[in-house]
Amino acid sequence: MRCHNQRLVPMLVTLSLLFLVVMPVWAADPEIDRLLRSPVGKDWVTNGGNLTNQRYSTLKQIDTSNVKNLKGAWMIRLKGSGFGGKYSHEVTPLVKDGVMYVITGNDDAFALNAKTGEFLWEYWSGIDQQISTVCCGWVNRGVTLGEGMVFFGQLDANVVALDAKTGKVVWKTPIEKWENGYTITSAPIYYDGMIYIGISGGEFGVRGRVTALDAKSGQILWRAYTLPAPGEPGSETWPPGTDHSMRGGATVWNTPALDPELGLVYFATGNCGPDYDGASREGDNLFCASIMAVNAKTGAYAWHFQQVHHDIWDYDAASPVVLFDTVINGQPRKGIAEAGRTGWVYLLDRTNGKPLLGIEERPVPQEPRQKTAKTQPFPVGDAVVPLCADLLPGYTKAGCIFEPFWETPVLIQPSGIGGTNWSPVPYSPDTGYFYVPGTVRTSAFTRYDNKFVLGKRYTGGSQAAPIGSPQSGTFTAIDSKTNKIVWQNKQPYRTGQGGGAMVTAGGLVFRGASDGNFLALDARTGEELWRFQTGFGADAPPMTYEVDGEQYLAIATGGNQSVGSAFGDAVWAFSLNGQLRPLWPPPPPPTVSGPTGPIATGVDAVKIGDRNVEYSYFPSRIRVKVGSTVTFTNVGDLNHTATAMETREWDTGDLAKGGSKAITFTQPGNYYFICTPHPWMYGQVIVE
Ligand SMILES: [Cu+2]
């Protein structure tokens with residue numbers, strides 16, 4: 001039992017006329033547990049605000065009438081940690097008793113005075129800079145608090161507990177090995193003496209899970225696997241006699257939610273492995289792209305709902321689940337919501353996983369070689385992004401959501417990073433609205449053969465955005481009663497990659513934007529009431545807190561490598577008494593896919609990851625004579641390739657740091673290339 005000199009909470013049960021003490025229940029941290037179960041006020045002690053992940057604060061000193069007076073209270077730089085092209089800055093800062101806790105994409109953690117930004121302690125992770133199994137940018141989405149400790153996961157698949165007062169390591173538990181394809185990017189939750197944390201790595205043929213650890217000791221208590229072992233419920237949705245249960249993906253990219261009354265932990269799962277190749281995995285492939293509930297004490301399966309059957313589009317459920325209570329047809333209902341990469345919000349009853357408003361199974365187009373599912377779930381209501389792609393020059397086919405593909409590229413929307421990606425989705429009990437960020441982007445999907453090798457990418461295809469195709473975003477209020485759009489703001493940049501929003505009792509939605517602006521919107525109408533230029537890509541979710549009677553807002557601004565926003569290492573705090581003015585705007589992220597920058601003539605050497613911009617070619621566009629040999633050299637930290645876009649007719653193969661490969665171009669032409677593991681990296685060779 002977890003009992004550590006905390007107060008005793010006796011549980012009384014009535015039996016006839018007698019009151020009997022049945023069992024003493026000790027809480028390891030009754031104060032944190034109470035905050036986690038309550039509406040968020042002065043302190044914000046876990047990633048999603050409290051156990052619901054609603055990101056709703058009851059603070060209302062800042063409201064629709066005075067938000068225009070907000071200014072910077074302080075801004076600090078995190079000493080260069082997580083600054084650079086390979087990182088994304090997506091942490092939600094936490095605050096308890098006037099101390100702020102933040103972490104960077106290098107898993108370095110800091111405690112700050114929440115009133116002044118002054119450093120209180122620093123933890124430098126020292127993680128291996130050669131970790132080669134990071135899918136989508138070096139990122140840590142946050143920490144959680146409990147029992148006087150700060151808990152988080154690292155990219156090297158360790159879970160770490162620090163002393164909240166000193167930053168000293170209390171324990172460190174490896175829950176997997178990064179060499180086997182496993183990393184941790186999401187924030188854990190703490191409740192009642194336990195830590196719950198997901199694991200990433202869906203592009204590396206891994207076995208998804210949520211791991212529960214004892215907060216005091218770091219000992220692993222249970223693992224809830226998202227891929228059923230042979231014979232377990234759900235295993236019938238995979239071909240028999242294979243080892244898909246060990247490498248089929250379904251990783252957990254997001255922070256779980258927990259309902260103490262129902263005793264259930266909730267989370268959502270990512271794509272199947274291999275991502276784009278369904279040929280070898282006939283069946284629905286449970287529990288990929290699903291919302292799941294497990295027993296909080298044991299990890300035992302409770303229910304699931306699959307958003308996408310037999311996923312071949314990388315339609316992860318990557319955004320955190322949100323718990324909310326509602327009334328439908330006069331009946332109080334316990335709801336759970338998740339905004340998918342499909343562009344829909346899935347609304348379920350969290351007691352049993354059944355749709356709250358209706359989700360219809362409809363027939364979809366078929367591709368027998370991909371073993372496509374006959375039907376897919378279509379929620380009632382509106383999607384937040386377009387669900388069909390336009391045909392573009394150079395392509396023969398464009399389709400809508402669930403359009404299948406084989407080896408010839410097919411244009412599809414939403415793309416696999418479209419809809420809502422990792423960004424959290426806030427919910428306001430005042431309006432009953434979800435505030436949903438969305439990415440509008442087309443991908444050209446192709447499939448190819450891919451052998452499983454431990455610790456190597458295992459995607460069986462690709463989904464690069466066509467050269468010259470537009471990318472943009474949406475920010476939408478969805479009514480939880482109807483799942484329909486109340487208002488929608490179009491965005492010039494992709495939205496929903498990793499940033500996010502929060503909502504307050506002051507009637508305000510706050511959100512960061514990739515062009516560096518931090519915005520306040522009217523929660524009922526979406527009208528913009530305030531904006532402030534932070535100087536760096538504002539791609540992290542904001543939060544709010546109170547110290548000495550004053551309400552503050554905070555947001556980490558340091559860009560997002562996959563959106564291409566300006567990187568940095570800053571944390572900003574704002575208040576009505578703030579004195580700091582905006583910074584100059586940084587370069588905005590691209591709005592069109594493809595290589596950018598000038599064409600270098602007569603250059604026959606391309607460096608990958610140069611100038612601290614990990615996910616880039618330099619120069620990205622070159623012009624050479626027929627018969628020229630171009631040498632590609634990787635000077636970045638991670639493995640990269642230069643691969644002929646879509647055709648793969650030439651390819652450097654995997655280049656480790658320092659690796660080089662020469663390619664000779666014997667025919668005139670315009671050769672676009674991408675990095676296979678990072679298909680948002682573009683380059684161009686013009687051969688004349
Ligand atoms: Cu790359």
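**Close-up views**

**View 1. The hairpin of strand 38 and strand 39.** Two residues lie between the strands of this hairpin, and Asp-548 takes a positive phi near 50°. The model is predicted: local features need pLDDT of at least 70 and side-chain atom pairs count only at pLDDT 80 or more, while totals for chains, interfaces and linings use all residues. Residues are numbered from 1 along each chain as its sequence is written, and side-chain values use heavy atoms, with hydrogens and water left out. Strands (E, at least two residues) and helices (H or I, at least four) are DSSP runs, numbered from the N terminus. Strand 38 (residues 543-547) and strand 39 run antiparallel and are joined by five bridges; strands count as paired if DSSP finds at least two bridges between them. Met-543 has Ala-554 of strand 39 as its bridge partner.

**View 2. Strand 39 and its surroundings.** Strand 39 covers residues 550-557, and eight of the eight are buried, so the strand is largely enclosed by the rest of the structure. Buried means under 20% relative accessible area, exposed over 50%, and partly exposed in between (1.4 Å probe, protein chains only). Glu-550, Tyr-552, Ala-554 and Ala-556 point one way from the strand, while Gln-551, Leu-553, Ile-555 and Thr-557 point the other way. Strand 39 also pairs with strand 40 (residues 570-575) in the antiparallel sense, over five bridges. Here Leu-553 has Phe-574 of strand 40 as its bridge partner.

**View 3. The copper ion.** Which residues coordinate the copper ion? They are His-640 through ND1, Cys-675 through SG and His-678 through ND1, at 1.9 to 2.1 Å. Donors are N, O and S atoms within 2.8 Å of the metal (3.2 Å for Na, K and Ca); water is not among the atoms, so sites may look incomplete. The spacing of the donor residues in sequence is H-x34-C-x2-H. His-640 and His-678 link distant parts of the chain, 38 residues apart. His-640 sits in the loop between strand 45 (629-634) and strand 46 (643-644), and His-678 in the loop between strand 48 (669-674) and strand 49 (682-687). His-640 has a relative accessibility of 0%, so it counts as buried. His-678 is buried too, at 2%.

**View 4. The nonpolar cores.** A nonpolar core is a set of buried Ala, Val, Leu, Ile, Met, Phe, Trp, Tyr and Cys residues joined through side-chain atoms within 4.5 Å. The largest one has 126 residues, and Met-100, Tyr-196, Phe-510 and Tyr-545 have the most contacts inside it. Apart from it lies another core, of 31 residues, among them Ala-257, Phe-305, Ala-383 and Phe-402. Contact means heavy atoms within 4.5 Å. Residues up to four places away in sequence aside, Tyr-545 touches residues including Leu-59, Trp-74, Met-100, Tyr-552 and Ala-573.

**View 5. Gln-370 in its loop.** Gln-370 lies in the loop between strand 24 (359-363) and strand 25 (375-379). Is Gln-370 buried or exposed? At 0% relative accessibility, Gln-370 counts as buried. Its contacts, not counting residues up to four places away in sequence, include Tyr-276, Asp-277, His-310, Trp-406 and Arg-447.

**View 6. Two open sheets.** One sheet has three strands in the order 21-22-23, with antiparallel pairing. Strand 21 (322-328) and strand 23 (345-349) are its edge strands, each pairing on one side only. Five bridges join strand 22 (residues 331-339) to strand 23, and Gly-335 has Asp-349 as its bridge partner there. The other sheet has four strands, ordered 28-29-32-33 and also paired antiparallel. Its edges are strand 28 (427-428) and strand 33 (484-491). Strand 29 (residues 433-440) and strand 32 (residues 472-479) pair over eight bridges, with Pro-437 standing opposite Phe-475 of strand 32.

**View 7. Aromatic pairs.** The structure holds 44 aromatic pairs. The ring centres of Phe-452 and Tyr-458 are 5.3 Å apart and the planes stand at 80°, so this pair is edge-to-face. Rings of Phe, Tyr and Trp (its six-membered ring) pair if their centres lie within 6.5 Å; planes under 30 degrees apart count as stacked, over 60 as edge-to-face and the rest as tilted. Phe-452 is partly exposed, at 31% relative accessible area, whereas Tyr-458 counts as buried at 4%. Ring pairs also link Phe-510, Phe-518, Trp-530, Phe-532, Trp-572 and Phe-574 into a cluster.
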